[in-house]
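Biologist: I should be grateful for a close look at a single part of this protein. Please take the second largest pocket, and set it in the context of the rest of the chain.

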Amino acid sequence: MSMAVIGMVAGMALGFAGYFGGFGAFLLVAALGAVGFVAGRFVEGDLEPGEFFRGRGDRRR
């Protein structure tokens, strides 16, 4: 599935949540989508847990 289709589906989900559930539902769907995105990146191996907890002075990559 292309990134454009995934972005369209995510936008439609946010639109439906905002229309039918109000702004609170919009924020909830957006936050859960972001959590799901990060979890998916962890599962695919694109992110490492240490990348979030590394200090500013440590610039290893």
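Modeller: The account below begins with the whole protein, turns to the pocket, and ends with some residues of the first helix and a surface patch.

The model is predicted. Its secondary structure consists of two helices and zero strands. The protein has 61 residues, of which 3% count as buried. Its accessible surface amounts to about 5,300 Å², and carbon and sulfur atoms account for 68% of that area.

The second largest pocket holds about 170 Å³ of space. Its lining comprises Ile6, Val9, Ala10, Ala13, Leu14, Val29, Ala30, Gly33, Ala34 and Phe37. Sorted by class, nine of these lining residues are nonpolar and one is polar, while no charged residue takes part. The polar one is Gly33, because Gly is counted among the polar residues in this scheme.

Leu14, one of the lining residues, also serves as a reference point for two other positions. Ala25 lies in helix H1, and its C-alpha atom is separated by 8.5 Å from that of Leu14, eleven residues away along the chain. Leu27 belongs to helix H1 as well; its C-alpha atom and that of Leu14 are separated by 8.4 Å, with the two residues 13 apart along the chain. Ala25 has a relative accessible area of 23% and is therefore partly exposed, since burial requires a value under 20%. Leu27, with a relative accessible area of 44%, is likewise partly exposed, because exposure requires a value over 50%.

Two of the lining residues, Ile6 and Val9, have a further role in the description, as both belong to a nonpolar surface patch of about 1,200 Å². The other members of that patch are Met1, Met3, Val5, Met8, Met12, Phe16, Tyr19 and Phe20. Tyr19 is placed in helix H1, which covers residues 3-44. The relative accessible area of Tyr19 is 66%, so this residue counts as exposed, the cut-off being over 50%.

In summary, the second largest pocket has a lining of nine nonpolar residues and one polar residue, and Ile6 and Val9 appear both in that lining and in the nonpolar surface patch.

Note on methods. Residues are numbered from 1 along each chain as its sequence is written. This is a predicted model: local features need pLDDT of at least 70, side-chain atom pairs count only at pLDDT 80 or more; totals for chains, interfaces and linings use all residues. Side-chain values use heavy atoms; hydrogens and water are left out. Patches are made of residues with over 30% relative accessible area and no salt bridge: like charges are joined within 9 Å, nonpolar side chains (Val, Leu, Ile, Met, Phe, Trp, Tyr) within 5 Å. Accessible areas come from the Shrake-Rupley method with a 1.4 Å probe; for residues, only the protein chains shown count as cover. A salt bridge is a side-chain nitrogen of Lys or Arg within 4 Å of a carboxyl oxygen of Asp or Glu. Helices (H or I, at least four residues) and strands (E, at least two) are DSSP runs, numbered from the N terminus. Buried means under 20% relative accessible area, exposed over 50%, partly exposed in between (1.4 Å probe, protein chains only). On a 1 Å grid over the protein atoms alone, a cavity is a set of points where a 1.4 Å probe fits but cannot get out, and a pocket is an open set with protein on both sides within 12 Å along at least five of seven lines; lining residues have an atom within 4 Å of a point. Grid points are joined across faces, edges and corners, and a volume is the space filled by probe spheres set on the points.
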